[in-house]
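Let's take a walk through a protein model together, one stop at a time. Keep the picture open beside you while you read.

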Amino acid sequence: MLALFVLYAVVEVAALVAVGSALGVLWTVVLLIGGSLIGSLLVRSQGRRVLDGLQRASRGERSAGGAVADGALFAAGSVAMFVPGLVTTVIGLLLLIPPTRWLLRPAVMWAAARWLPQVATATRRMRPTVIDGEILDDDSTREPNASGSAPILEGQVIEADRFDPAAGDFRKPHR
């Protein structure tokens, strides 16, 4: 983690020195402030747009995978805008504009399709098994039956949702 922070600091200082040498100190400061102002406007406007896309996906009007990928790219861009530096500001601005998110969306969905089945498998063990059934005898004071076991419940196990990489979201299995 320390090496990553050192790499970040070296890249940002090198970028500031290069831009400062090319444009001058005053224009470099103007560039940093302007990038931050534009970024804050984009965070506000694109935040509403991404939230609208997520709401449309929840109603089934849009692909859930695409909406979540847009949300992830927007979140990464927003975080990059708050990290000080010229390089992170440029990265943040690029992730906040819709054309860049549109270009990167398939890559994010591909990465999620490869990573999420592993997450789903790991978390499936943490979810309880759901059994759809009914109690045949509600007498809780009933003695065990002749074989010595408690009353029997009849029911059907309902399978958990499975991740469909082609659709980019979770689907009920076909029966």
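Our starting point is R105, which sits in helix α5, the stretch covering residues 98–124. Keep in mind as you look that this is a predicted model. Now find A69: it is 36 residues away from R105 along the chain, yet the C-alpha atoms of the two are separated by 5.8 Å. Which residues does R105 touch, once you set aside its neighbours within four places in sequence? They are R62, G66, A69, D70 and L73.

One of those partners, D70, deserves a stop of its own. D70 belongs to helix α3. Is D70 buried or exposed? Its relative accessible area is 7%, and the cut-off for buried is under 20%, so D70 counts as buried. If you ignore residues up to four places away in sequence, D70 is in touch with V50, R62, R101 and R105.

Time to step back and take in the whole chain. There are 5 helices and 4 strands in its secondary structure. Follow the sequence from start to end and you meet them in the order α-α-α-α-α-β-β-β-β. The chain has 175 residues, and 22% of them count as buried. As for contacts with a separation of 6 or more, 56% of them are between residues 24 or more positions apart.

Next, let's see how the helices pack, beginning with the pair α1 and α2. Helix α1 runs over residues 2–23 and helix α2 over residues 25–58; they pack at an angle of about 125 degrees, and their axes are 7 Å apart. That angle makes α1 oblique to α2. Their crossing is right-handed. On the α1 side the contact is made by L16, V19, G20 and L23, while α2 brings V25, W27, T28, L31 and L32. Sort the residues of this contact by class and you get 7 nonpolar, 2 polar and no charged.

Helix α2 also packs against α3, this time at an angle of about 160 degrees with the axes 9 Å apart. Why do we call these two roughly antiparallel? Angles over 145 degrees earn that label, so α2 and α3 are roughly antiparallel to each other. Here α2 passes α3 in a left-handed crossing. From α2, the contact takes in G35, S36, G39, L42, V43, Q46, G47, V50, G53, L54 and A57; from α3, it takes in A64, A67, V68, D70, G71, F74, S78 and M81. By class, that gives 10 nonpolar, 8 polar and 1 charged residues.

You can zoom in on V43, one of the α2 residues in that contact. V43 has a relative accessibility of 22%, so it counts as partly exposed. Leaving out neighbours within four places in sequence, V43 is in contact with F74, S78 and L96. The C-alpha atoms of V43 and A75 are 9.1 Å apart, with their positions 32 residues apart along the chain.

Now move along to α3 and α4. Helix α3 spans residues 64–82 and helix α4 spans residues 86–96; the angle between them is about 150 degrees, and their axes are 7 Å apart. This pair, too, is therefore roughly antiparallel. The crossing of α3 and α4 is left-handed. L73, F74, A76, G77, S78, A80 and M81 of α3 make the contact with T88, T89, G92, L93, L95 and L96 of α4. The tally by class is 8 nonpolar, 5 polar and no charged residues.

M81 is a handy residue for tying these pieces together. Apart from residues up to four places away in sequence, M81 touches G35, S36, G39, T89, G92, L93 and L96.

M81 also leads us to our last stop, the largest nonpolar core. Which residues make up this core? There are 6 in all: L42, V50, F74, M81, L93 and L96. Helices α2, α3 and α4 each supply at least two of them. As a general background idea, nonpolar side chains tend to be buried together in soluble globular proteins.

Key. Residues numbered from 1 in each chain as written. Predicted model: local features only at pLDDT ≥ 70, side-chain atom pairs only at ≥ 80, totals over all residues. Heavy atoms only, no water. Axes fitted to C-alpha atoms, helices over the stretch in contact; angles between N-to-C directions. Parallel < 35°, antiparallel > 145°, perpendicular 65-115°, else oblique. Left-handed = near helix turned anticlockwise from the far one by under 90°. Contact = heavy atoms within 4.5 Å. Nonpolar A, V, L, I, M, F, W, Y, C, P; charged D, E, K, R; others polar. Core = buried A, V, L, I, M, F, W, Y, C linked by side-chain atoms within 4.5 Å. Buried < 20%, exposed > 50% of the residue type's maximum accessible area, 1.4 Å probe, protein only.
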